[in-house]
Each structure stands twice: as structure tokens, then as C-alpha cells.
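User: I'd like to learn how to read helices and sheets in a structure like this one. Could you walk me through it?

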Amino acid sequence: MDIRPNHTIYINNINDKIKKDELKRSLYALFSQFGQVVDIVAMKTIKMRGQAFVVFKELAAATNALRQLQGFPFYNKPMRIQYAKTDSEVISKMRGTYGDKDKKKEKKKKAQEAAANNVNKRPAVPGSNSQAHTPAVQVPDNPPNYILFLSNLPEETNEMMLSMLFNQFPGFKEVRLVPGKHDISFVEFESDTQAGVAKDALQGFRITATCAMKITYAKK
């Protein structure tokens, strides 16, 4: 019997050699392309090894992520993804909060208030031209190039994270990190046009809550 669609997706066959913090950051970077991720549960217990739950705010985002990332080579192992059997019961049971509806309501109310505040603060839609041209994220640019220059990256950025973000775009070739400098990187595409599409889509993308990625064409 098929499991009904819900906001929470269950992932297994994850490389269990990855440290928990890095795993959660990488899952966030990968799955937040599809919509707002409200929670990620990954545990290193024997029973939960190689598994994780990702909770989306919107059902459509969960569905899209499941379809697009099914079999995705995550740390060299193809991910197996399905909807969690129940929307958030699994997660609340893990945390010992199952049945505590008042806390859930309060948490939901706070999340809605925070979301409302964010909407007021950021009228532009992420990835849209209007956001790209607001003073907050406007970046001086060079002439079009098939190589992109990334800056303002968080310290924990790694090649895997950036590859997962950029390889969804046609023409992606490789990510090149700069030894000794964690906050910058280069991403190469097959053509200027393909690089431009990725640049516009991911401009201002937050790998972590505090670091909005800046993308320009690399100098020729």
C-alpha cells in the first residue's frame, strides 16, 4: 500500500561515515532548493544509522524533492526517499513530544509569526530579478563567463555541498575550492549562458542562516 504524501520525507541508504553535523548541513543545502525546510532529524544511533527525516513547510516542496532527488548520489551512495509513514509522528516520538499538542500549537504559531515577519522584511522572492537587484544583495559583476565566482561562503562549505546545489543546472562541470580560503570558490559550466542561469537562480542562496552566497562571473 502506498504511503500518502505528507510534509515529511524519509531518506535511507545514507553514507553512515558522515558526521551528524555535516550530514544535517548537507541535507539542508540539498533539500532547501525545493522549499522551506523546517526541520531535519538525523541520528547516529545504531537503529537510525544511514537514515534521516526532512520536514518541509509545504507539501508540494516535499513531493518535488522526493521526485527530483530519488537515487541522487549523496556522498557516493544513491539516496532512497519516500514519504514518512505519518506526517510528524515519527519525529515527535523520537523527541519524546508525541501527544504534546499544546507545544506543537505554540511552536506552529511562533513559526507563522516568524514567517510573517520574514515576509515583511524581505518583499522580494528569492531567486527573482527583483531580489537580485535590491541593494542588499546587489553584487558588482564582470562580463559573462562560463566560470562563476562564489563569495561569502560559510566556513563549513565543502565541494559536495556546492556540487549538490549547482549540478541541478544544465552544463555544470565542476566546483573548484580555493585552498586556505573557505569563503570563496569557482564553479565551471560549459557555456556563459548556462552559468548565467545558475547565477540568477542561486544568487543570495543561504547555505546557512547567516551567509547569503554572492555570485559573479569570474574575471577573464
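Analyst: Happy to! Let's begin with a term: a residue is called buried when its relative accessible area is under 20%. This is a predicted model, and in it the buried residues of helix H1 are Leu23, Ser26, Leu27, Ala29, Leu30 and Phe31.

User: What does H1 pack on?

Analyst: Start with the sheet itself. It is an open sheet of four strands in the order E2-E3-E1-E6, paired antiparallel. Strands E2 and E6 are at the edges with a single partner strand each, so one side of each has no neighbour in the sheet. On average, neighbouring strands are turned by 20 degrees against each other, direction ignored. H1 packs on this sheet, touching E1, E2, E3 and E6, and its direction makes about 145 degrees with that of E2. Helix H2 lies across E1, E3 and E6 and runs at about 155 degrees to E6.

User: How many bridges join E1 and E6?

Analyst: Four, in the antiparallel sense. For a place to look, find tyrosine 10, which stands opposite glutamine 82 in E6.

User: Why would the buried residues of a helix lie on the same side?

Analyst: The general idea is that an α-helix has 3.6 residues a turn, so residues three or four places apart point the same way. Now take helix H7, where Ala195, Gly196, Ala198, Lys199 and Leu202 are buried. These residues cover an arc of only 165 degrees around the axis, which puts them on the same side of H7. They pack against strand E7, helix H6, strand E9 and strand E10.

User: And what comes just after H7?

Analyst: Glycine 204, with a positive phi of about 80 degrees.

Technical notes. Residues are numbered from 1 along each chain as its sequence is written. This is a predicted model: local features need pLDDT of at least 70, side-chain atom pairs count only at pLDDT 80 or more; totals for chains, interfaces and linings use all residues. Side-chain values use heavy atoms; hydrogens and water are left out. Buried means under 20% relative accessible area, exposed over 50%, partly exposed in between (1.4 Å probe, protein chains only). Helices (H or I, at least four residues) and strands (E, at least two) are DSSP runs, numbered from the N terminus. The arc is that of the directions from the helix axis to the C-beta atoms. Contact means heavy atoms within 4.5 Å. Two strands pair if DSSP finds at least two bridges between them. Axes are lines fitted to C-alpha atoms, for helices over the stretch in contact, and angles run from 0 to 180 degrees between N-to-C directions.
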